[in-house]
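Please look through the sequence and the structure below before reading on. The paragraphs that follow start from a single residue and work outward.

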Amino acid sequence: SSGINAEYGGIIPLTILKMFWFTLLILVLTPLSFSASLEECAGAGLDDPSCPIMVGIEELVDKSNKRSFSKYDYRIDVRSDGEWQEGHANVSIHAAGLHANPVEDYLDKLAGMEDAKILVYCKSGGRAFEASQNLLKYGFSNIHPFLLPTI
C-alpha cells in the first residue's frame, strides 16, 4: 500500500496524533478565563476575575511604620524551603511550590480558607502572583499577592 503510512512506517501520523491530543489536553486543562499576566493585572481599571488584588509595601506598612499583617486572616509564604528557613513572617503558612502546583496538593494546609482575606508573599512577587492566580482558579476569593515595586 502507498501513502504516508507506507513511506514513513506510520511515524508521522502517530506524531501528529500525539501532538493533537497533547494540544487538546492543554486547552482543556488551562481555563481561558484565568490568563491575565502580571502586567495586564497591574493595568489600571482591569476587571478580570483572574487578577488578584495586588498589595504593595505602602499597604503593608502603616503610618507608625509598623507592619500591618494583622489585617489579613492568613499569610501564605510561597518561597522555597531554603528561603523559609532563612526567616519568615510570624504565623505564616508555608506552601512552597503553590505557584506551580495544583492547589489540591495544599488543601490540608488551606482547608476552610476559601473566603478568608489572604496575603500571599515570596521574595519579589512573581511566585506570589502566580500562586494567587492558582488560588483564584480553585475558588479562593479574597487573595492579595504582595509585589515589590520594580525600578
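In which strand does H144 lie? The model shown here is a predicted one, and in it H144 belongs to strand β4, which spans residues 143-145. H144 counts as buried because its relative accessible area is 6%, and the cut-off for buried is under 20%. Setting aside neighbours within four places in sequence, H144 has contacts with I53, V55, Y72, K117, I118, L119, V120 and S132.

Several of these partners return in other parts of the structure. V55 sits in the loop that runs between α3 (38-42) and α4 (57-60). V55 is buried as well, with a relative accessible area of 5%. V55 and P145 are separated by 90 residues in sequence, yet their C-alpha atoms are 5.9 Å apart in space. Two further partners of H144, Y72 and K117, are also paired with each other: K117 lies over the face of the Y72 ring, 5.1 Å from the ring centre. Pairs between aromatic rings, by contrast, number 0 in the structure.

The overall layout can now be set out. The protein chain has 7 helices and 4 strands. Along the sequence they follow the pattern α-α-α-α-β-α-β-α-β-α-β. The chain holds 151 residues, and buried residues make up 34% of them. Among contacts with a separation of 6 or more, 55% are between residues 24 or more positions apart.

How far the coordinates can be read depends on the part of the chain. The average pLDDT of the protein chain is 74, and 60% of the residues score at least 70. Among the elements, helix α1 (residues 4-8) has the lowest mean pLDDT, 51, while helix α5 (residues 81-86) has the highest, 93. Over residues 24-34 the pLDDT falls below 50, and this stretch has 7 contacts in the model beyond near neighbours in sequence. Where pLDDT is low, the predicted coordinates should not be read in detail.

Next comes the nonpolar interior. In soluble globular proteins, nonpolar side chains tend to be buried together. The largest nonpolar core here has 19 residues, and those touching the most other members are I76, L98, L110, I118, V120, L135 and F140. Strand β3 (118-121) and helix α7 each supply at least two residues of this core. Helix α7 gives the most, with 4 residues. L135 shows how the core is joined: leaving aside neighbours within four places in sequence, L135 is in contact with I76, L98, V103, L110, V120, F140 and I143. Another core lies apart from this one; it has 6 residues, among them V55, A89, Y121 and F146. V55 is thus both a member of that core and a contact of H144.

Charged side chains come next. Side chains of opposite charge can pair when their charged atoms come close. A search of the whole structure finds 2 salt bridges. One is between R79 and D77, with the closest N and O atoms 2.8 Å apart. R79 is buried, at a relative accessible area of 12%, and D77 is buried too, at 0%. The other salt bridge is between E83 and R127, and here the closest N and O atoms are 2.8 Å apart. This pair links distant parts of the chain, since E83 is in helix α5 and R127 is in helix α7 (residues 126-137), 44 residues apart. Is E83 buried or exposed? E83 is buried, with a relative accessible area of 15%. R127, at 23%, counts as partly exposed.

Two loop residues complete the walk. V91 is found in the loop between α5 and β2. V91 is not a glycine, yet its phi is positive, at about 50°. V91 is exposed, with a relative accessible area of 65%. D105 is in the loop between β2 (92-94) and α6 (107-110). At 49% relative accessibility, D105 counts as partly exposed because the cut-off for exposed is over 50%. D105 and A95 are 10 residues apart in sequence, and their C-alpha atoms are 9.5 Å apart in space.

Definitions and conventions. Residues are numbered from 1 along each chain as its sequence is written. This is a predicted model: local features need pLDDT of at least 70, side-chain atom pairs count only at pLDDT 80 or more; totals for chains, interfaces and linings use all residues. Side-chain values use heavy atoms; hydrogens and water are left out. pLDDT is the predictor's confidence in each residue, from 0 to 100. Contact means heavy atoms within 4.5 Å. A salt bridge is a side-chain nitrogen of Lys or Arg within 4 Å of a carboxyl oxygen of Asp or Glu. Buried means under 20% relative accessible area, exposed over 50%, partly exposed in between (1.4 Å probe, protein chains only). A nonpolar core is a set of buried Ala, Val, Leu, Ile, Met, Phe, Trp, Tyr and Cys residues joined through side-chain atoms within 4.5 Å. Rings of Phe, Tyr and Trp (its six-membered ring) pair if their centres lie within 6.5 Å; planes under 30 degrees apart count as stacked, over 60 as edge-to-face and the rest as tilted. A charge sits over a ring if NZ of Lys or CZ of Arg is within 6 Å of the ring centre and within 35 degrees of the ring normal.
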